[in-house]
Amino acid sequence: MRKSPPRWRGEHGESNRERSQPWLQNSKPPLAVPNDETVAANLNPYSLQQIKDRILNAPPWLLSTIFHLILLLVLAFITISSETVNGILLTITPAAVVETKPELVEFSMEPIELPELAPVDAASDLGLASQVEVAPLFKEITLAQPQAFAPEMSQIDPFSQLPKTSGASLGVSKNVGEVSSMFSGRTGKTKQELLAKYGGTQVTEDAVALGLAWLKRQQRTDGSWSMRGPYRDGSLMENETAATAMAMIAFMGAGNTHRSGKYKHEVMNAVQWLVKQQNRVGFMAERANDHEKMYAQGLATIALCELYGMTHDYWLRPHAQLACDFAVDAQSPQGGWRYQPKFDSDTSVTGWFLMGLKSGEAAGLDVDRYVFMNIEKYLDTVGGGGYDQGYSYQVGEEATRSMTAEGLLCRQYLGWQRNRPEMTHGLGSFVAKDPIDRRDSDVYYWYYATQALHHYGGPLWEKWNDKMRVELPAMQEKNGGEQGSWSPVNDAWGTYGGRLYTTCFSLYSLEVYYRHMPLYAGQAPKAAEEDDE
């Protein structure tokens, strides 16, 4: 008897017959017949019902993935704002074009290295120093308390906490000519007008031109000058900072700067050298002898402040300002300056620092206002009367003509009125008793007296100038290797200062007509209206 083959049932228990005849699976009538909407939903896979069913039947991991993706997209478009953050901008760029952001770097105030210009023709690189004594520049004096200068300098904080003023001194009277115009007469039409008004001549201008040409020949390849040589009759000692500053002042007095003028390259090389000497507290005469350091610093302060005042070149300002800050901080308790910062005072060094600070103030730099009041207090201790009771080098010493001339010029810049009897008496004595005389040569005295009388104006100036504009050019060497210079042989302080010293101071006097604008220009009477003697 043949057995029937076993019935194979599928996974869900259906038989072979049922699988081959699927209609048998639905032998029973359905519980409900689907309507038209249900049929349409089943036919459209993107209907709302189908989407709902698929979402509800989707596995949990898929739902979690979709939820987090939506959350990330929402967060990506959120803008965060607060009082300190304006916005966040996410920028995506290809790696090849991403630029590296600049890094912050630490820097310090050091002398600015300027582009090297073609070096100036110079003869040699010898050294010199200048000695100063009582009235003039360069005399050797033993310090009462010798001590190393560099350590003393390193302790100085140049940034004073006193109130500051910019461009106008409290010590200058309103009736005095505006100090801000101090350097405005050195070039152009104004220079020619001042020359004619105050008695300059073609002879004086020719002498200035010849003297500047001599200075150019003495400049060394590094931009500096030497007090010793290479010329004849140099100083006994070296002071490169003083020599370079003095030469710069002479060039600038005739209208030259590092940006314009016949000698702009010489001035550029010189100022490049000078700012390289400046340390972090503003000092520029480290290599000078102890008793000459502050003389050189005062002269260098004048040079930097005048050059900045004439050009307002941005890179010069920090150097000139630092020099002024040093000067203010170095003022001694007596109110002046001498051989070391904050220690002792003498009229000679004080005059240089006063002119440096006044030049800085006129250039628009910040200068502590009380420094000028302190100078006045110091001057009261060394003089204040007429020439017979004039100014001395230090307290308790006898008055001299050079210190009296310097003291009176300081008083003019500190605000003395023109009609003060002490000024009239003192300046009148210069003209009557100590006029310019080549047999009694003293360029230091002539320099200060010429300036003070020029500011004062009137008949006294005219009488002084009548001799000065003749005698000084006549004393200039007209031939030979030293053509254009002034010999120091017979000068009162020529042995200490040397040929560069006598040449520069002679040039300052011959440039007086336009070097500084006259302080009493609106007050000086005409010669016919007043007899100042």
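Contact here means heavy atoms within 4.5 Å. The model shown in every view is predicted.

**Figure 1. Overview of the predicted model, with its helices and strands.** The protein contains 19 helices and two strands. Of its 533 residues, 50% count as buried. For contacts between residues at least 6 apart in sequence, 75% join residues that are at least 24 apart. A search for salt bridges over the whole structure finds 23. Some of these salt bridges are shown in the later views.

**Figure 2. Close-up of helices H8 and H9 where they cross.** Helix H8 covers residues 240-253 and helix H9 covers residues 264-276. Their axes come within 10 Å and cross at roughly 145°. The crossing of H8 with H9 is left-handed. On the H8 side, the residues that meet H9 are Glu240, Thr241, Thr244, Met248 and Phe251. On the H9 side, they are Val267, Ala270, Val271, Trp273 and Leu274. Sorted by class, the contact of H8 with H9 has seven nonpolar, two polar and one charged residues.

**Figure 3. Close-up of helices H12 and H14.** Helix H12 spans residues 347-362, and helix H14 spans residues 401-413. The axes of H12 and H14 come within 10 Å of each other and cross at roughly 30°. H12 is therefore roughly parallel to H14, because angles under 35 degrees are counted in that class. The crossing of H12 and H14 is left-handed. H12 contributes Thr347, Ser348, Gly351, Trp352, Leu354, Met355 and Lys358 to the contact. H14 contributes Met403, Glu406, Cys410 and Tyr413. The residues of this contact divide into six nonpolar, three polar and two charged.

**Figure 4. Salt bridge between Arg411 and Glu376.** The closest N and O atoms of Arg411 and Glu376 are 3.8 Å apart. This pair links distant parts of the chain, with the two positions 35 residues apart: Arg411 belongs to helix H14, and Glu376 to helix H13 (residues 370-382). Are the two partners buried, partly exposed or exposed? Arg411 has a relative accessibility of 2% and so counts as buried, since the cut-off for buried is under 20%. Glu376, at a relative accessible area of 25%, is partly exposed.

**Figure 5. Salt bridge between Arg420 and Glu422.** The side chains of Arg420 and Glu422 meet with an N to O distance of 3.0 Å. Arg420 is partly exposed, at 29% relative accessibility.

**Figure 6. Salt bridge within helix H17, and a salt-bridge network.** Asp466 and Arg469 meet through their side chains in a salt bridge of 3.1 Å, N to O. Asp466 has a relative accessible area of 41% and is partly exposed. Arg469 is also partly exposed, at 25%. Both residues lie in helix H17 (residues 458-475), where they are three residues apart, about one turn of the helix. Arg232, Asp233, Glu477 and Arg499 are joined into one network by salt bridges that share partners.

**Figure 7. Surroundings of Ser509 in helix H18.** Helix H18 covers residues 494-510 and includes Ser509. Ser509 has a relative accessibility of 2% and therefore counts as buried. Which residues is Ser509 in contact with, leaving aside its neighbours within four places in sequence? Those in contact with Ser509 are Trp446, Tyr447, Thr450, Met468 and Leu472.

**Figure 8. Lys342 and Asp344 in the loop between helices H11 and H12.** Most residues other than glycine have a negative phi. Lys342 is not a glycine, yet its phi is positive, at about 65°. Asp344, likewise not a glycine, has a positive phi of about 70°. Lys342 is found in the loop that runs between helix H11 (317-330) and H12, and Asp344 lies in the loop between H11 and H12 too. Lys342 counts as partly exposed, at 40% relative accessibility. Asp344 counts as partly exposed at 24%.

How values were computed: Residues are numbered from 1 along each chain as its sequence is written. This is a predicted model: local features need pLDDT of at least 70, side-chain atom pairs count only at pLDDT 80 or more; totals for chains, interfaces and linings use all residues. Side-chain values use heavy atoms; hydrogens and water are left out. Axes are lines fitted to C-alpha atoms, for helices over the stretch in contact, and angles run from 0 to 180 degrees between N-to-C directions. Helices (H or I, at least four residues) and strands (E, at least two) are DSSP runs, numbered from the N terminus. Angles under 35 degrees count as roughly parallel, over 145 as roughly antiparallel, 65 to 115 as roughly perpendicular and the rest as oblique. A crossing is left-handed if the near helix is turned anticlockwise from the far one by less than a right angle, and right-handed if clockwise. Ala, Val, Leu, Ile, Met, Phe, Trp, Tyr, Cys and Pro count as nonpolar, Asp, Glu, Lys and Arg as charged, and the others, Gly among them, as polar. A salt bridge is a side-chain nitrogen of Lys or Arg within 4 Å of a carboxyl oxygen of Asp or Glu. Buried means under 20% relative accessible area, exposed over 50%, partly exposed in between (1.4 Å probe, protein chains only).
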